[in-house]
Amino acid sequence: MADPVTARPIDLLRRPGFRRLYLAVVTSELGDAFQYIALMWAALLAGGPLGVIAVRLADSVPALVFGFHGGLLADRTARRRLMVTADLLRAAVLVPIAVVGLAGSLPLWALVVAAFLLTTGASYFDPAYGAALPALAGRDGVQAANALVRASADGLWLGGSALAAALLAVVPLSTFFVLNAASFVISALLLSGLPSFERPLEEGAAPPRMREAFTILRPHPWLAAAVAALGVAVTISSGTWIVGVPQLVRHGLHGGAAKFSLLVVAYAAGSIGAGAFLAHRPVRRKAGASLLAWSAYLPAYALLAFAHSLGPAGAGQGSAYVLTTSAAQTDIPDDYLGRVTGLISLVHRGAHATGLLLVSPLFAVVAARSVFAGAALAIPLVGLAFAALALRASKP
């Protein structure tokens with residue numbers, strides 16, 4: 001259901017604080033597009049397909065290890081300082097990687113360590129960013145803000161990937177690590193102009209504890225269900241996408257890199273479209289709508305399995321993440337928001353690791369088409385099952 005009272009994206013961009021935050025995030029996202037290409041290709045050269053899997057695991061596991069702590073710090077310390085520190089540390093990680101890469105070949109262990117440290121930084125940046133956003137966009141504007149950032153980031157990802165293909169004709173691959181390091185420095189400089197978002201602890205008050213993130217979710221069964229569904233659904237979708245799509249393209253669809261690129265573009269286009277829609281069409285029951293958004297995987301993966309094309313898969317995950325995050329930023333008090341957004345970040349990023357470990361091995365024993373057909377049913381059922389649980393829990 002639409003909510004008539006909301007901020008428009010253009011109105012948000014007129015606010016100096018939000019504009020700084022927006023420019024910082026999209027700048028680092030553009031740098032991430034270059035870094036992802038460099039990291040994955042360097043991993044393939046250094047260790048083959050197993051090297052790529054090792055790097056993907058390394059950039060997913062830190063969310064499970066540090067996600068809770070990142071959320072705690074977002075509620076204990078100044079959020080601006082936490083974001084700036086995370087950006088500068090990630091830039092520092094990339095500098096030696098770029099130097100070694102430009103001087104010669106990069107060993108696989110160095111790429112694994114870099115991926116681990118980069119996602120560790122993100123595990124501290126994301127909760128602070130998520131908790132600071134309502135102060136800059138207003139609680140009535142968080143959905144538009146999240147959707148605008150998501151659509152812009154995905155659009156820059158596509159544009160950055162296309163630009164990277166052109167740049168590789170004239171610059172070495174490791175130059176992309178330099179570009180990403182520079183994007184983090186620019187982001188830190190932009191963020192340093194924001195308020196500190198520091199919340200002084202009252203005398204005699206107990207410091208924030210992580211278990212309070214779960215306690216505060218108890219009166220919000222729909223939001224709790226949305227967070228849980230996010231973890232399960234992303235586990236299935238990432239486990240099928242990361243390994244299954246290249247395998248299906250190569251062996252089932254008899255295609256190559258061009259076909260795979262088209263599927264990646266289609267996925268990103270779905271996410272961009274969903275972001276653009278949600279930026280202009282506010283949703284009142286955000287958590288409930290996020291559970292229904294997973295139904296987009298039914299036509300998307302069914303088309304992939306049976307018709308050799310990709311439907312709105314990106315729209316499903318993009319919408320669910322934007323709506324879940326926006327629901328937390330709308331309903332959760334500021335004193336607990338860092339821990340709750342940290343929990344959402346942990347669930348979302350950590351699910352990529354669980355997907356690689358639990359779902360991807362299915363492709364070794366089951367035909368890719370069959371796995372995608374099963375996922376086309378399983379992912380929407382996850383959303384509907386958690387919706388039923390939330391409905392039951394919300395009854396008196």
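This passage describes two helices, a nonpolar surface patch and several aromatic pairs in a predicted model.

Helix α14 covers residues 334-358. For its 25 residues, a rise of 1.5 Å a residue gives an expected span of 36 Å, and the end C-alpha atoms lie 35 Å apart, which agrees. The helix bends by about 30 degrees at Ala351. Of the 25 residues of α14, 18 are buried, so the helix is largely enclosed by the rest of the structure.

A nonpolar patch of about 480 Å² is found on the surface, made by Leu292, Leu298, Leu377, Leu381 and Leu384. Helix α15, residues 368-394, gives the most to this patch, with three residues. Leu381 is located in α15. Because its relative accessible area is 52%, and the cut-off is over 50%, Leu381 counts as exposed.

The structure contains 11 aromatic pairs. One of these joins Phe66 and Phe116 in an edge-to-face arrangement, with 6.1 Å from centre to centre and 75 degrees between the planes. This pair links distant parts of the chain, since Phe66 belongs to helix α3 (residues 61-76) and Phe116 to helix α5 (residues 108-137), 50 residues apart. Phe66 is partly exposed at 23% relative accessibility, and Phe116 is partly exposed at 29%.

Tyr301 and Phe372 also form an edge-to-face pair, at 5.0 Å centre to centre and 80 degrees between the planes. Here too, distant parts of the chain are linked: Tyr301 lies in helix α12 (residues 297-306) and Phe372 in helix α15, 71 residues apart. Both Tyr301 and Phe372 are buried. Ring pairs connect these two residues with Trp294, Tyr297 and Phe363 in a cluster.

Methods:
Residues numbered from 1 in each chain as written. Predicted model: local features only at pLDDT ≥ 70, side-chain atom pairs only at ≥ 80, totals over all residues. Heavy atoms only, no water. Helix = DSSP H or I, 4+ residues; strand = E, 2+ residues; numbered from the N terminus. Expected span 1.5 Å × (residues − 1). Bend = angle between axes of the 7 residues up to and from the residue. Buried < 20%, exposed > 50% of the residue type's maximum accessible area, 1.4 Å probe, protein only. Patch = residues over 30% accessible without salt bridge, like charges linked within 9 Å, V, L, I, M, F, W, Y side chains within 5 Å. Areas by Shrake-Rupley, 256 points an atom, 1.4 Å probe, with all protein chains shown as cover. Salt bridge = Lys/Arg side-chain N within 4 Å of Asp/Glu carboxyl O. Phe/Tyr/Trp six-rings, centres within 6.5 Å; stacked < 30°, edge-to-face > 60°.
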